[in-house]
Amino acid sequence: MTTETTPVIPLPAARIITAVGAVATTASAFLAWTWTSDFPGDLTVTGYPGGLQWLTLTAGLLTLLLALAASGTPGLRWAAPSRSHNATLLAAVGAAAVTWFTLIAISVELGGLANLEPGGWVAGAASLVALLGALSLPLERHPDGNFGGLTKKSDQPLPAARQLPSWAEVLLIIAAFAIGLFVVTFGLDAEGGELFVGYLITLGFAVAALTRSGLTARLRGLTTKHRQVTTGAAFAAAAAFPFSQTSDQYTSVAVNILIFATVALGLNIVVGLAGLLDLGYIAFLGVGAYAAALVSGSPASPIHVQFPFWAAVLTGAVVAMIFGVVIGAPTLRLRGDYLAIVTLGFGEIFRITMNNLNGTTGPNVTNGSNGIPRIPDLQILGFDLGKAHSVGGIELGRFSNYYLLMLLITIVVVLVFSRVGNSRIGRAWVAIREDETAAEAMGINGFRLKLLAFALGACLAGTAGTIQAHVQYTVTPDQYTFADALPPNSAFLLAAVILGGMGTISGPLVGATMLFLIPKKLQFLSDYQLLAFGIALIVLMRVRPEGLIPNRRQQLEFHEADIPAQAVPAEAAATKAGA
Amino acid sequence: MTTNTPVLEASGVIMRFGGLTAVNDVSLTVNSGEIVGLIGPNGAGKTTFFNCLTGLYVPTEGTVSYKGTVLPPRPHLVTQAGIARTFQNIRLFSNMTVLENVLVGRHSRTKEGLFSAILRGPGYRRAEAESREKAMELLEFAGLANKADHLARNLPYGEQRKLEIARALASEPGLLLLDEPTAGMNPQETRAAEDLVFAIRDKGIAILVIEHDMRFIFNLCDRTAVLVQGQKIVEGDRETVQNDERVITAYLGAPLEGTSTTEDSQ
């Protein structure tokens with residue numbers, strides 16, 4: 001049920017105002033906004049955008065594109081399959097928000113409005129003109145949606161997509177992932193807090209606008225059609241990341257994101273599939289890391305052995321799995337909240353035990369709070385991951401090596417998750433999550449399968465832990481807490497799974513990336529960092545309660561809204577035939 | 001049609017919850033090819049008795065045996081042995097598709113483990129394809145084949161009941177326990193359910209059914225047992241049960257002293 005707003009300004013005029021505003025916003029990014037290069041990003045150059053101006057430029061162009069496409073401009077209609085001006089409005093709001101955010105940031109940082117050059121005022125005015133125009137366009141409202149129902153999906157199904165040759169569709173998917181890689185790289189490399197906040201604002205509104213325009217749905221149609229190409233392109237884009245970097249500075253962030261995301265995916269087996277709320281999951285990452293550190297040949301390790309890479313990974317995985325079984329066997333008899341409390345306790349027990357195995361309060365195994373330092377770099381088949389190597393003329397540093405190794409492990413985890421999730425075992429897990437009593441009545445040994453989920457999750461986290469130990473040189477007990485300002489920790493892992501989308505593969509990966517980047521880039525707020533992060537989480541959950549990437553089953557639910565109309569007569573006929 | 005090999009033998013089943021005896025010394029036999037009804041007023045202990053049979057409750061006393069072997073009181077082992085059940089208040093896996101629900105029902109008849117799922121060898125694929133084929137056959141049988149990809153929770157009520165039966169049949173049971181299969185159905189749907197129960201019986205599956213709809217029970221059942229306050233008061237064919245005074249008393253209440261009508265009419 002949607003209603004259309006009645007525009008104040010007649011439609012042709014509104015269109016022209018929006019388009020002119022969007023063009024002016026885009027153009028204003030080329031002007032000087034301030035007089036001094038003290039503001040990060042150098043916004044003083046006329047004729048070339050810098051820093052935050054790129055974001056205004058992008059948002060302005062997007063507004064223009066969507067405004068023209070939604071008005072049915074020939075040649076641009078592909079950009080807005082839903083023909084909805086709500087998308088235009090969202091883009092215009094994004095452009096205005098990021099522009100005014102920049103102007104305010106300049107004034108606050110440099111001390112007063114006097115620091116704005118005329119170019120800045122032009123940009124601010126232009127973005128408001130575009131916003132005014134977009135508000136006067138005919139908009140659909142949904143009575144029960146967020147923000148006056150402007151973002152809610154339209155009731156009308158999208159018109160059928162034009163048939164393209166399959167090579168063109170594959171090219172589109174690859175292009176989409178290339179854009180995705182660029183967007184993520186931009187966020188990772190964003191210097192300074194202002195640029196990152198502006199990036200978040202632009203990204204949020206751009207994604208909302210593209211979703212509302214129907215373009216994301218089109219893309220999803222393509223990716224489901226060419227599943228293997230999509231997976232391949234996703235990993236190719238991820239593998240291309242280190243090659244896009246000039247220094248190792250941001251690959252070190254990326255490798256940590258990858259570790260965090262892989263562990264989140266492992267947790268998704270436990271939480272998302274089997275429905276077991278595990279608040280101490282970080283302990284398994286710690287078990288894997290400690291196991292790898294002990295057999296790494298570090299001089300601080302009481303065991304003076306140096307395992308080869310494959311054996312170290314196997315050790316970490318197996319030891320973590322054994323811990324999973326040992327912890328799971330007594331705790332998995334509990335359900336729901338009780339399980340959550342007990343796992344929380346076990347997570348803390350792990351950390352405290354590692355602290356106490358220091359030679360004074362217990363046998364010396366882990367060096368207590370000092371941890372195990374000086375873990376040597378991995379050597380795989382004579383290849384030293386600690387040294388920089390040149391591939392095709394591009395220098396890949398230490399973190400790039402580890403990034404690519406970790407990516408391989410992520411691929412394995414993704415493969416395990418997708419194959420197990422869609423099998424007899426995975427179905428049994430989902431059945432247990434849905435209704436354990438009914439699942440047992442179907443012949444499922446609930447306890448055994450829950451233990452299996454726990455052990456598999458622990459095993460995957462342990463594998464990631466072995467790499468983490470080598471990447472960070474040192475393992476200490478304090479890396480494995482329940483909650484902290486920075487990931488990875490149990491609370492963040494769970495948040496990544498829930499924010500990203502439970503039971504999906506891409507959900508926790510996306511969620512983990514965001515949860516890693518946001519607090520890291522908000523560090524400039526110092527005391528207010530956690531407050532800002534909390535607000536960001538609340539906004540995310542308010543806008544997308546089902547997670548950033550909803551489950552296939554939830555998609556099915558949306559999809560099914562159109563089906564019953566045809567299905568009901570068939571059912572009625574069946575009933576009559578039966579009678 | 002009824003042969004006399006017993007499929008289910010419950011003997012002296014007693015279930016106490018603290019001071020309350022919910023099921024008191026109930027013995028019941030179901031022979032192969034039989035449809036047996038279990039009726040009784042609300043709170044008589046019918047569902048509790050079902051739960052004792054399926055291992056959901058551990059009976060305080062008494063044994064339950066299936067085809068001569070005593071069943072361990074664990075639900076999944078009972079299902080593995082060959083007893084399937086449905087629930088009084090539908091308990092489908094509501095966020096799974098119709099087909100997936102039935103595939104879960106096949107869990108005890110397949111054995112592909114974690115590693116074969118990861119490796120996806122030819123054996124795994126064959127077993128998975130076979131499972132899907134059998135599940136589709138069952139959906140066809142229950143008249144739900146065209147809804148295989150729908151979410152279970154989006155099915156109308158009557159079809160959810162049918163799906164629960166199809167899911168139970170997927171475990172290839174020798175005995176099916178139905179807990180109020182027609183609750184909330186209109187007469188037409190009830191008639192369709194009767195046909196379905198007969199069709200299941202014709203597959204060679206014995207059935208024990210709890211029901212409040214007397215017409216349904218007497219149309220279907222070869223024998224009917226009546227449970228009142230945890231005790232089996234009578235068991236027999238339609239005539240025996242309908243004319244039993246204790247049954248009438250249990251359902252309609254005892255006549256008041258002095259204004260007794262039953263004695264007058266005799």
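Modeller: Two strands pair if DSSP finds at least two bridges between them. Strands are DSSP runs of E with at least two residues, helices are runs of H or I with at least four, and both are numbered from the N terminus.

Biologist: What kind of model is this, and how are residues, chains and ligands labelled?

Modeller: The model is predicted; local features need pLDDT of at least 70, side-chain atom pairs count only at pLDDT 80 or more, and totals for chains, interfaces and linings use all residues. Residues are numbered from 1 along each chain as its sequence is written, while chains are lettered from A and ligands numbered from 1 in the order in which they are written.

Biologist: Why are β6(B) and β7(B) said to pair?

Modeller: DSSP places three bridges between β6(B) and β7 (residues 175–179) of chain B, in the parallel sense. The requirement is at least two bridges, so the two strands pair. Opposite B:Ile83 stands B:Leu175, and the bridge partner of B:Arg85 is B:Leu177.

Biologist: How do you know that β7(B) also pairs with β8(B)?

Modeller: Five bridges join these two strands, which run parallel, and the threshold of two bridges is therefore met. Here B:Asp179 faces B:Ile210 of β8(B).

Biologist: What makes β6 and β10 of chain B edge strands?

Modeller: Each pairs on one side only. The open sheet has six strands in the order β6-β7-β8-β3-β9-β10, with mixed pairing. Its neighbouring strands are turned by 20° against each other on average, direction ignored. Helix α1 (residues 46–53) of chain B packs on this sheet, with a direction at about 150° to that of β7(B). Helix α7 (residues 187–202) of chain B also packs on the sheet, touching β3, β7 and β8.

Biologist: Why is β7(B) called largely enclosed by the rest of the structure?

Modeller: A residue is buried if 20 or more other C-beta atoms lie within 10 Å of its own, exposed if 12 or fewer, and partly exposed in between, with C-beta atoms placed from the backbone. Five of the five residues of β7(B) are buried, so the strand is largely enclosed. B:Leu175, B:Leu177 and B:Asp179 point one way, B:Leu176 and B:Leu178 the other way.

Biologist: What makes B:Leu77 partly exposed?

Modeller: B:Leu77 has 16 C-beta neighbours inside 10 Å, a count between the two limits, and is therefore partly exposed. B:Leu77 is found in helix α2 (residues 75–81) of chain B. Leaving aside neighbours within four places in sequence, B:Leu77 is in contact (C-beta atoms, placed from the backbone, within 7 Å) with B:Gly55 and B:Pro72.

Biologist: What is noted about phi of B:Arg120 and of B:Glu172?

Modeller: Most residues other than glycine have a negative phi. Phi of B:Arg120 is near 50°, a positive value, and phi of B:Glu172 is likewise near 50°. B:Arg120 is in the loop between α4 and α5 of chain B, and B:Glu172 in the loop between α6 and β7 of chain B. With 14 other C-beta atoms within 10 Å, B:Arg120 is partly exposed; B:Glu172, with 15, is partly exposed too.

Biologist: Why are α1(A) and α2(A) called roughly antiparallel?

Modeller: Axes are lines fitted to C-alpha atoms, for helices over the stretch in contact, and angles run from 0 to 180 degrees between N-to-C directions. Angles under 35 degrees count as roughly parallel, over 145 as roughly antiparallel, 65 to 115 as roughly perpendicular and the rest as oblique. The axes of α1 (residues 11–28) and α2 (residues 52–70) of chain A come within 8 Å and cross at roughly 155°. The two helices are therefore roughly antiparallel.

Biologist: What is the make-up, by class, of the side of chain A that touches chain B?

Modeller: 33 residues of chain A are in contact with 40 residues of chain B. The largest share of that side of chain A, seven residues, comes from α14(A). Ala, Val, Leu, Ile, Met, Phe, Trp, Tyr, Cys and Pro count as nonpolar, Asp, Glu, Lys and Arg as charged, and the others, Gly among them, as polar. The side of chain A has 17 nonpolar, six polar and ten charged residues.

Technical notes:
Two residues are in contact if their C-beta atoms, placed from the backbone, lie within 7 Å.
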